[in-house]
Every structure is written in C-alpha cells, then in structure tokens.
Number of protein chains: 2
Amino acid sequence: MENFRNLNPSQARQMIREGKIKSNTAGMCHGYVQGNLVILPKEHAYDFLLFAQRNPKQCPILEVSDMGSREFMKMAPGSDVSTDIPKYRVYKNGELHGEFDDIKSFWRDDFVSFLIGCSFTFESAMLDEGIEVRHISEGKNVPMYITDIQCEKAGIFEGPTVVSMRPLPYADVVRAVQITSRYPGVHGAPIHMGDPLEIGIGDINNPDFGDSVEIKDGEVPVFWACGVTPQAVAMNVKPEIMITHAPGYMFITDVKNQKLSLL
Amino acid sequence: MENFRNLNPSQARQMIREGKIKSNTAGMCHGYVQGNLVILPKEHAYDFLLFAQRNPKQCPILEVSDMGSREFMKMAPGSDVSTDIPKYRVYKNGELHGEFDDIKSFWRDDFVSFLIGCSFTFESAMLDEGIEVRHISEGKNVPMYITDIQCEKAGIFEGPTVVSMRPLPYADVVRAVQITSRYPGVHGAPIHMGDPLEIGIGDINNPDFGDSVEIKDGEVPVFWACGVTPQAVAMNVKPEIMITHAPGYMFITDVKNQKLSLL
C-alpha cells in the first residue's frame, strides 16, 4: 500500500482503469479528496440536486457531471467515472443487482454523475491536528446510525438522516467543531453531540452500518451527517437504475483536501 | 422608515402584500436576511440549479420552492412570492416586459422560485464590526462590474462573473476576508483584490451597474462575486418568461443574518 499512498491521483485512476489496482481506496493518494459516487438517470437529477441543496450537510455535492459525460471535468480532468473506481454497485428498482469492476456495459447517455464529499477529508484534518479518530485507531469502519431527523423532502426524495459517530474527549470537542466547520463540502460541523436518544439512536453500541467503537470514560459521542444518507434516500425511490461506488472504494480526485477548507 | 426597520418580517411581508409598503426594502426589518428572487419555468430549473452548484459564489442559493408553490417554506413560512415583494420585473424572451407591484396575473403552475443570497447580510456583519462600507457611507448603490472571469457553464446557462466592489483600508482587509468567509450563503469571501485590470475591469470609476464610489489613498478595491451574475446569465438565455425582484426591492425572510454564518 505504501506505493499507492504516494501515487498521484491521475496515476491511481489510470491503474484502477487498467485493473492494476483492485483494492479499496483507503489511504490511497494521501492528501487528496476522495468522494462518493451516485449515478442516476437524468429524469431524477433535478430532484436529487434539489435534495442536495436542501440537505447540504447530508449530501454535500462536490461536482455534477454534464448529462452523458463520464468525466468530472473540474475535480478530475481526464477521468472516466465508468472505469476509475475499483468496485461499483449497480441497483435496479432499489435492489442490489451486483458489484462490478467497471460499469461500461451499463452506461447510458442520460446518466448524470454526482460526486459527494466524504468524511475522509475532515478526518485527515483532525488527524493532522492530533485529534484521535477512534475507528481509525481501532482499524474499523466508522459507526453509522439511522436517526429520527428527517431530511428536507425534495420531489421524490425523502427519508431519515444517517449520521456517523466519533467519540471525543471533551477537551477535543471545540477544535473538532472548528476544523469540521471549515469543510462544508464534506458534511461540515457536527449535527449533534451527547445523548444518542435525542436523535433517535436507541443503542449506541449497535450501529445500523459500519462497526461499533469504544466510547471511553470522559468522552462524548459526536455525530456528523453521513454520505450514506443520499444513497439510502435514493434507494427508497427505487429508481429503475442507480449506480454507486462500493463502500470504501471511492472516486479519487486531483484536488487536495486542504483546498476544500473554507477558511 | 424607522417603523419598517423594526417590523418583524412576516408583518412586513403582510404590509407589502396589502400594498401598504411600496418602498424599496433597504434597512427594513433590521437584522433579517433579504434575498434576490429569480423565478423560472421548470424546464430551466435543473440547469439553473446546476449553474448555482457550479458557481456557488456568484449564485448562492438560499432556498428553492417546490414547483408551483408560491411559498419559501423554510426561510419564510406563510410567504407568497407572487405578492410579498414591493416591485417585480417581468422579462419575456430576455427583454424587460415591465415592472409590477405583484405577479399574480403572471403566475404559472410550472414556476420554480429561487431565493439567492444578497450582500446586505455580509455588509451588515462588516458594519457591526466597525468596517466602513463605502457605498453605504456615500448613500449610493454598490458599484458592480462585468469581469472576464467566466462562470462555469451549466446546460444553457453561461456568461461572465459580475462583481461588486468595496474599497477598504489595508488594515481592514484581513477582518473583511474573515467575516465574509463565514457567509458562503451570501457570496462568501472576496474573489479578487487589487488591480482591477487583472479581472478585466478597465475603468474602476465607470461601473457597469450601480454607482461609482471614492477609493481613498491607502485603500485597495476588494471584489466579491455579485448576485447580478445569475440574473444576467439567465437573461442571456432569453427564457420565454423570467421574473425577478426589482433592484433594491428584495424578499424579506424570517431568518436572522447571523444564522447564515457558518462559524
């Protein structure tokens, strides 16, 4: 993995495209933004974009491709969204149709691709400032929970907010809020801290997705809106076809994490 | 005007609706967000929303109504966008058709209303911190210029960025950048400072819109992306019909300016 860590993003995308990299992208191209991918037919694109406008913390959109274009022109010139992720998920009518190394055979000219910010970026900023990120220390996936906070409805899209949780000692909370506030493009500031029940989470040790992590004495659970939300919401609609990255297999951009910082 | 300054927003909208307020909204409902209005038929709404996603500094969208709805449900519950602004402009095929006190007779069920952030909000924050805003001191409209900075194209919408300019003593520049960076919903941080020619402005004393203001010795012109951009860009497209507020006659929301601050 050390080589992949120091690859530049266009090299990494090229190697993924050629099937030379098949692993998940965690730790790859250190310092560069990785994003979630959602591909939908144009008929759903307006409602999805409106959903993002109304729920920017749950669905922070980094870039939207032109209809039919396979390229994220701004954040990854020369990219091909149909080949540059190591593993895709194809959903048909809201059910998983399968996982694929590329989606060339599924491609349609009415597809619109959405690149959505991911917490990797703000976690990197937290680690840089010496704030421990528990699930990384424990070598796990971040714990995620379905809350009772409803997203703002937009056309056909509606559903509950999914959050990710990172336990923090109280002494780190202020700095963590400051750091993540600077990154509205990757979920931004926390949306809750403290009692999980207040946002409808019954058992903090039983996340709906990902892994449970330890919350130590003197620590408070801090909750951020999570990029699983738009995928879950889109799936509710049971679109004829929807394509996403497979969890952990992200789209790597040419943009440095720090470039997303507002301040 | 003193009464209007201390009106609450829903009262002000009611009085505008009843024709009891016909003046421009500058200084009205002190402390509350006022926004620009753009109404377009649904057929153009996706491209316009995509334009906003790609050009968030030029076109910071605060809220988008549901198609056919006359209400900004989130920022102004109970509002009616067809009556709650004192003066509207109706454009047909890119030409001004006329100015109207309300637009009830023009309303169509396929209209989508966009509420766009306005610099009133960050100017208020600057004034609160004792930073002089020159055009306000001089009792003028802010000077605005067409630059050679092209917006990111989105579908049918494209065109140059329009900027507003506020001269500042160097000693105030850092604070002004900090303050406006906190308000991405109302154009955010400046996009240029210093030599106007670098962004294609030939004569700083001849703005394309608004009034010229004095730039004193030891001051630097500071440029922010301006909400005239999306209107100008939309007009280029010559949509069959487009409705906007008349300059200075804004839509008043129930949201406090400070609520738009990210930090």
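1. In this predicted model, helix H3 of chain A and helix H3 of chain B are oblique to each other, because an angle between two axes that falls outside the roughly parallel, roughly antiparallel and roughly perpendicular ranges counts as oblique. The angle in question is about 40°, and the two axes lie 10 Å apart. Each of these helices spans residues 42-54 of its chain. The crossing of H3(A) and H3(B) is left-handed.

2. Which residues of H3(A) and H3(B) meet? From H3(A) they are A:Ala45, A:Tyr46, A:Leu49, A:Leu50 and A:Gln53; from H3(B) they are B:Ala45, B:Tyr46, B:Leu49, B:Leu50 and B:Gln53. By class, eight of the residues in this helix contact are nonpolar and two are polar, while none is charged.

3. The contact between the chains as a whole takes 11 residues from chain A and 11 residues from chain B. On the side of chain A that touches chain B, H3 and strand S2 (61-64) of chain A each supply at least two residues. The largest share of that side comes from H3(A), which provides five residues. The side of chain A that touches chain B comprises nine nonpolar and two polar residues, with no charged ones.

4. How are the two chains related? A turn of 180°, with a shift of 0.0 Å along the axis, lays chain A on chain B with an RMSD of 0.0 Å. This is therefore the relation of a two-fold axis. Within chain A, the C-alpha nearest the axis belongs to A:Tyr46, at 2.6 Å from it. A:Tyr46 is also one of the residues through which H3(A) meets H3(B).

5. The copies meet through the same surface, because 100% of the interface residues of chain A are also interface residues in chain B.

6. The domain assignment divides chain A into domain 1 (2-118 + 236-260) and domain 2 (120-230). Domain 1 is thus written as two segments, whereas domain 2 is given as one. The C-alpha centres of the two domains of chain A lie 22 Å apart. Their contact takes 23 residues from domain 1 of chain A and 23 residues from domain 2 of chain A.

7. Which elements give two or more residues to the side of domain 1 of chain A that touches domain 2 of chain A? They are strand S1 (32-41) and H3 of chain A. H3(A) gives the most to this side, with five residues. The side of domain 1 of chain A that touches domain 2 of chain A has 13 nonpolar, seven polar and three charged residues. H3(A) accordingly appears at two contacts: it supplies five residues to the side of chain A that touches chain B, and five to the side of domain 1 of chain A that touches domain 2 of chain A.

8. A further helix pair lies within chain B. Helix H4 (residues 120-128) and helix H6 (residues 170-181) of chain B pack at an angle of about 135°, and their axes are 10 Å apart. This angle makes H4(B) oblique to H6(B). The crossing of H4(B) and H6(B) is right-handed.

9. H4(B) contributes B:Phe122, B:Ala125 and B:Met126 to the contact with H6(B), and H6(B) contributes B:Ala176, B:Ile179 and B:Thr180. Five residues of the contact of H4(B) with H6(B) are nonpolar and one is polar, with no charged residues.

Terms used:
Residues numbered from 1 in each chain as written. Chains lettered and ligands numbered in written order. Predicted model: local features only at pLDDT ≥ 70, side-chain atom pairs only at ≥ 80, totals over all residues. Axes fitted to C-alpha atoms, helices over the stretch in contact; angles between N-to-C directions. Helix = DSSP H or I, 4+ residues; strand = E, 2+ residues; numbered from the N terminus. Parallel < 35°, antiparallel > 145°, perpendicular 65-115°, else oblique. Left-handed = near helix turned anticlockwise from the far one by under 90°. Contact = placed C-beta atoms within 7 Å. Nonpolar A, V, L, I, M, F, W, Y, C, P; charged D, E, K, R; others polar. Least-squares fit on C-alpha atoms with pLDDT ≥ 70 in both. Domains from an automatic or database assignment.
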